[in-house]
Amino acid sequence: MRYFNKDAPIIRFAMPDTKLTVSGICTLSISAVSEIFKLLICEMPFTNEQLKSIAERLAGLLNKASITLLAIGVILIATAIIVHLKMPDKARIKYLVRKGLYCYEYGNPLHLKDGERLPEIKCKNTGLGVFELTVKAVTCTVEDIQNISSSISSSMNKKGFKRYAVTQTSTDIAFNDVTFRIEDVTVDRSLTFNDVNEMKPKEHTKLIVQKDTYIDLTTSGSMLIAGKTRSGKTTGIISLLLQALLCGRDDFGSEIIIIDPKQAELSRLPHVVTLDENGEATAILDAMKRFCDTVVKRQKVLNDLSEQKGDAVKWWEAGMNVSFLFIDEYVACRTMFPTKPSKDNPDYCLATFDGLLKRIVTMGASAGCYAIISIAQASVSEGGLPSMLRDAMTTKILFKPTLDEGRLLWDSDKLKDFNCERVYNAGDAWFSSTDGIHDNVSYVHFPYMKFKVYSELGRLLNEYYNKD
């Protein structure tokens with residue numbers, strides 16, 4: 001079956017166990033017909049001895065044929081049962097998709113014509129109920145293949161795969177094929193922690209989000225995190241900060257600075273920076289300057305080590321731990337600064353705030369220093385975050401997402417596999433990070449923390465800054 005034929009019968013695209021079952025039933029039916037003919041012949045009264053002899057020989061042949069066909073039919077059905085039980089899920093998905101794409105009765109989503117070569121389909125199991133289905137571009141282009149994600153999802157609406165759907169689509173860099181990520185959308189991959197110490201990451205450069213998702217700080221940059229009130233945004237960010245705090249403070253001046261301009265729950269914790277008593281944001285500006293100084297000092301250490309080694313030394317290779325500057329509610333924080341500086345304090349203005357943040361976002365990653373910017377609305381351009389900064393922040397997370405908000409963070413093409421009708425709860429988010437693995441937007445759920453989150457955050461901040 002290498003070429004398309006719109007008149008091909010549907011059985012041509014059936015699974016092997018189905019074909020074996022149909023063959024077995026047909027064989028048993030023929031066996032039964034042979035047995036009936038044998039009985040009819042045996043019951044016929046023959047007066048002519050010659051006819052009687054011929055009838056007896058024919059009945060004998062029919063008896064042997066009946067027994068042989070019965071055995072073959074039983075073997076075929078038994079084989080079908082074994083194949084059905086032993087066939088891996090990746091093979092079942094492959095056959096279901098082949099039928100949905102190749103069988104003319106299913107709509108011909110690739111718009112194939114008679115005689116055209118059928119695209120090759122491969123499927124592999126990546127674990128945790130996730131499959132990667134690759135369709136090679138042969139007579140159709142990758143653009144045609146990219147548009148069949150809904151057809152692939154529909155083709156699996158049976159045979160125990162009703163809960164599976166395409167969640168991501170990616171094209172080979174050479175435009176040779178398209179890979180579809182297929183997963184059980186009902187599987188819960190979230191993590192639950194009953195004790196904060198359980199959250200300590202195995203690798204200090206990788207912050208876990210859920211069972212199969214993490215943020216690799218060696219390849220990603222600063223983070224832009226959006227979400228409305230009660231979306232689980234702040235709790236999700238705290239889960240990342242807790243992991244960084246559990247790794248401890250390094251000997252190179254690492255920092256975990258939390259800025260809360262709202263003077264809300266976070267501001268009650270130790271070492272959290274908030275507004276001054278007079279309502280100004282001088283302390284916030286000073287904290288950002290301190291963080292920028294940290295970036296410069298750490299980069300100098302790395303430059304010196306690189307000169308000694310004769311090759312570039314990365315921050316994680318030098319024994320540094322990650323540094324974070326978390327600005328909660330960036331838009332609110334930005335409104336605290338006057339647009340024009342005063343004569344008494346020329347640095348205290350919006351331009352200084354924006355300039356410091358640009359330096360951190362664009363220059364900090366090489367020294368292991370990252371900004372986490374939190375905004376309530378995904379309409380970042382209107383919220384005051386420059387598009388240059390938005391593009392420079394390579395990890396993007398949207399809590400309790402909607403398609404309209406998502407399109408303000410990602411290109412529309414990256415969101416075409418998402419169902420806008422899905423109901424999201426607190427902690428549910430769309431996530432992407434430029435680490436070579438999570439570049440495409442995917443659905444995640446941030447960890448459940450079954451302990452006193454703010455209490456543990458305050459305790460770890462104290463331990464972090466009282467290391468000596």
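**Exercise 1. Helix α2**

Task: Which residues of α2 are buried, and against which element do they pack?

Solution. In this predicted model, the buried residues of α2 are Ala55, Ala59, Leu62, Ser66, Gly73, Leu76 and Ala80. The element they pack against is α1 (16-43). Next, check the length of the helix. Helix α2 covers residues 49-86, which is 38 residues. At 1.5 Å a residue these should span 56 Å. The C-alpha atoms at its ends are 55 Å apart, which agrees.

**Exercise 2. Helix α9**

Task: What distance does helix α9 reach from its first C-alpha to its last, and which of its residues are buried?

Solution. Step one is the length: α9 has 14 residues (350-363) and reaches 20 Å, close to the 20 Å expected at 1.5 Å a residue. Step two is burial: Leu350, Thr352, Phe353, Asp354, Leu356, Leu357, Ile360 and Val361 are buried in α9. Step three is the surroundings: these buried residues pack against α7 (282-309), β11 (323-327), α8 (330-334), β12 (369-375) and α10 (387-392).

**Exercise 3. The four-stranded sheet**

Task: In what order do the four strands of the open sheet stand, and which of them stand at the edges?

Solution. The order is β1-β2-β4-β3, with antiparallel pairing. The edges are β1 (121-127) and β3 (164-171); each has a single partner strand, so one side of each is left without a neighbour in the sheet. Neighbouring strands are turned by 25° against each other on average, direction ignored.

Now take the pairs in turn.

- β1 and β2 (residues 130-136) run antiparallel and are joined by six bridges. Lys122 has Thr134 in β2 as its bridge partner.
- β2 and β4 pair in the antiparallel sense over seven bridges. Val135 stands opposite Val178 in β4.
- β3 and β4 are also antiparallel, paired over seven bridges. Tyr164 has Asp184 in β4 as its bridge partner.

The connection between β3 and β4 is a hairpin with five residues between the strands. Phe175, in the turn, has a positive phi of about 60°.

**Exercise 4. Cover on the sheet**

Task: Which helix lies across β1, β2 and β4, and how many residues of β4 are buried?

Solution. The helix is α3 (residues 89-102), which runs at about 145° to β1. As for β4, the strand is mostly covered, with seven of its eight residues buried.

**Exercise 5. Cysteines**

Task: How many disulfides does a search of the whole structure find?

Solution. The search finds zero. Consider Cys292: the closest cysteine sulfur is in Cys369, at 9.3 Å, too far for a bond. The cut-off for a disulfide is a pair of sulfur atoms within 2.5 Å. Cys333 is in no disulfide either; its nearest cysteine sulfur, that of Cys292, is 13 Å away. For burial, Cys292 has 3% relative accessibility and counts as buried. Cys333, at 0%, counts as buried too.

**Exercise 6. Salt bridges**

Task: Where do the partners of the salt bridges Asp17 with Arg92, Arg181 with Asp212, and Glu405 with Lys228 lie, and are they buried or partly exposed?

Solution. The structure holds 23 salt bridges; three are worked here.

1. The side chains of Asp17 and Arg92 meet at 3.9 Å, N to O. Asp17 lies in helix α1 and Arg92 in helix α3, so the pair ties together parts 75 residues apart in sequence. With the cut-off for buried at under 20% relative accessible area, Asp17 is buried at 7%, and Arg92 counts as buried at 9%.

2. Arg181 and Asp212 have their closest N and O atoms 3.3 Å apart. Arg181 is in strand β4 and Asp212 in the loop between β6 (206-210) and β7 (213-216), so parts 31 residues apart in sequence are tied together. Arg181 counts as partly exposed at 22%, and Asp212 is partly exposed at 23%.

3. Glu405 and Lys228 meet at 2.8 Å, N to O. Glu405 lies in helix α11 (residues 403-406) and Lys228 in the loop between β8 (223-226) and α6 (233-246), so the pair ties together parts 177 residues apart in sequence. Glu405 counts as buried at 8%, whereas Lys228 is partly exposed at 38%.

A last step concerns shared partners: salt bridges join Arg181, Glu183, Arg189 and Asp212 into one network.

Definitions and conventions: Residues are numbered from 1 along each chain as its sequence is written. This is a predicted model: local features need pLDDT of at least 70, side-chain atom pairs count only at pLDDT 80 or more; totals for chains, interfaces and linings use all residues. Side-chain values use heavy atoms; hydrogens and water are left out. Helices (H or I, at least four residues) and strands (E, at least two) are DSSP runs, numbered from the N terminus. The expected span of a helix is 1.5 Å times one less than its number of residues. Buried means under 20% relative accessible area, exposed over 50%, partly exposed in between (1.4 Å probe, protein chains only). Contact means heavy atoms within 4.5 Å. Two strands pair if DSSP finds at least two bridges between them. Axes are lines fitted to C-alpha atoms, for helices over the stretch in contact, and angles run from 0 to 180 degrees between N-to-C directions. A salt bridge is a side-chain nitrogen of Lys or Arg within 4 Å of a carboxyl oxygen of Asp or Glu.
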